[in-house]
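Hi everyone, thanks for making time. I'd like to walk you through a structure that's new to most of us, so let's put it up on the screen.

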Amino acid sequence: MARRAPTSLPLSSLLALSGFSLACLTWAPASLAGEVYGSVGLPGVVVGYAHTVNQHLGLRVDAGTTGSFTRSRTESGIPYSVKFKYNRIGLFGDYFPFGGRFRFTTGLTINDTALPLKTRFDGNTSVTFNQTTITPTANDRFDATVKIPRITPYFGLGWGHQAREAGLGFIADVGVSIGRAKLSVHQNLLDNYPGILTQNDIDVKTGELRDNVAKVRVLPQASIGISYRY
């Protein structure tokens with residue numbers, strides 16, 4: 001059964017959110033230093049800008065990417081070619097409860113995340129749909145896409161971004177972006193196997209696939225890096 005993929009947030013809205021974050025950064029007192037930083041981990045490589053508002057508050061905007069990579073694997077008995085990518089923009093507020101470098105972080109992540117699964121049927125591998133077994137050919141497909149919501153809240157804690165002296169510093173972050181993944185399926189098996197497969201067979205296999213690859217509720221994030229305050 002085909003399901004419509006989640007609607008993407010318009011580019012104009014992403015730009016507006018990013019612009020709002022940058023505007024917030026400019027409201028911070030000019031007498032306090034800004035900071036550029038870079039880190040590695042999840043989500044891949046991250047670069048960003050931080051600005052201190054006062055002893056207990058800082059604002060940040062950054063962008064991270066894993067790039068994209070492809071793997072072959074079997075899910076729910078179906079051979080797939082899986083391509084993964086994760087790009088995101090983060091808009092964060094840092095709270096330093098003790099006035100030092102330890103902090104709590106909240107904010108939003110604007111995500112461009114997809115996990116497309118393309119079937120690799122070759123006429124040699126049998127697949128069971130509910131209680132019906134077929135041997136799909138290269139003309140058959142049971143493709144799927146897993147999507148994370150475009151905008152997700154972020155909660156975490158970390159170290160850094162509050163040093164008063166200019167120069168290099170150490171930063172670390174651990175947190176999660178919260179958002180339920182959605183699965184959409186695109187198939188032609190009902191047309192190619194009339195009288196053999198039923199809609200219920202497709203629904204059962206879709207449910208199996210959803211349980212295996214689309215149970216994501218959070219995107220973990222963990223990274224370490226360096227900053228330069230000026």
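Let's start with the outside: the protein chain has an accessible surface of about 11,700 Å², and 61% of that belongs to carbon and sulfur atoms. Those areas come from the Shrake-Rupley method with a 1.4 Å probe, and for residues only the protein chains shown count as cover.

Before I go on, a word on what this is: a predicted model, where local features need pLDDT of at least 70, side-chain atom pairs count only at pLDDT 80 or more, and totals for chains, interfaces and linings use all residues. Residues are numbered from 1 along each chain as its sequence is written, and side-chain values use heavy atoms, with hydrogens and water left out.

Okay, the overall layout. The chain has 3 helices and 12 strands; these are DSSP runs numbered from the N terminus, helices being H or I with at least four residues and strands E with at least two. Of the 230 residues, 42% are buried, and buried means under 20% relative accessible area, exposed over 50%, partly exposed in between, with a 1.4 Å probe and protein chains only. Now take contacts, meaning heavy atoms within 4.5 Å: among those between residues at least 6 apart in sequence, 68% join residues at least 24 apart.

On to the inside. A nonpolar core here is a set of buried Ala, Val, Leu, Ile, Met, Phe, Trp, Tyr and Cys residues joined through side-chain atoms within 4.5 Å. The largest one has 24 residues, and Phe-129, Phe-142, Leu-183 and Leu-189 touch the most other members. Strand E4 gives the most to this core, with 4 residues. Leaving out residues up to four places away in sequence, Phe-129 touches several others, including Ile-78, Phe-142, Leu-189 and Lys-205.

Now some backbone oddities. Where is the cis peptide bond? It runs from Leu-42 to Pro-43, with omega near 10°, and Pro-43 sits in the loop between strand E1 (34–42) and strand E2 (44–54).

Then there are two residues that aren't glycine but have a positive phi. One is Ser-76, at about 55°, in the loop between strand E3 (57–75) and strand E4 (78–95). Asn-130 is another, with phi near 60°, and its place is the loop between strand E6 (127–129) and strand E7 (132–134). Buried or partly exposed? Ser-76 is buried, at 14% relative accessible area, while Asn-130 is partly exposed, at 32%.

That's my tour, thanks!
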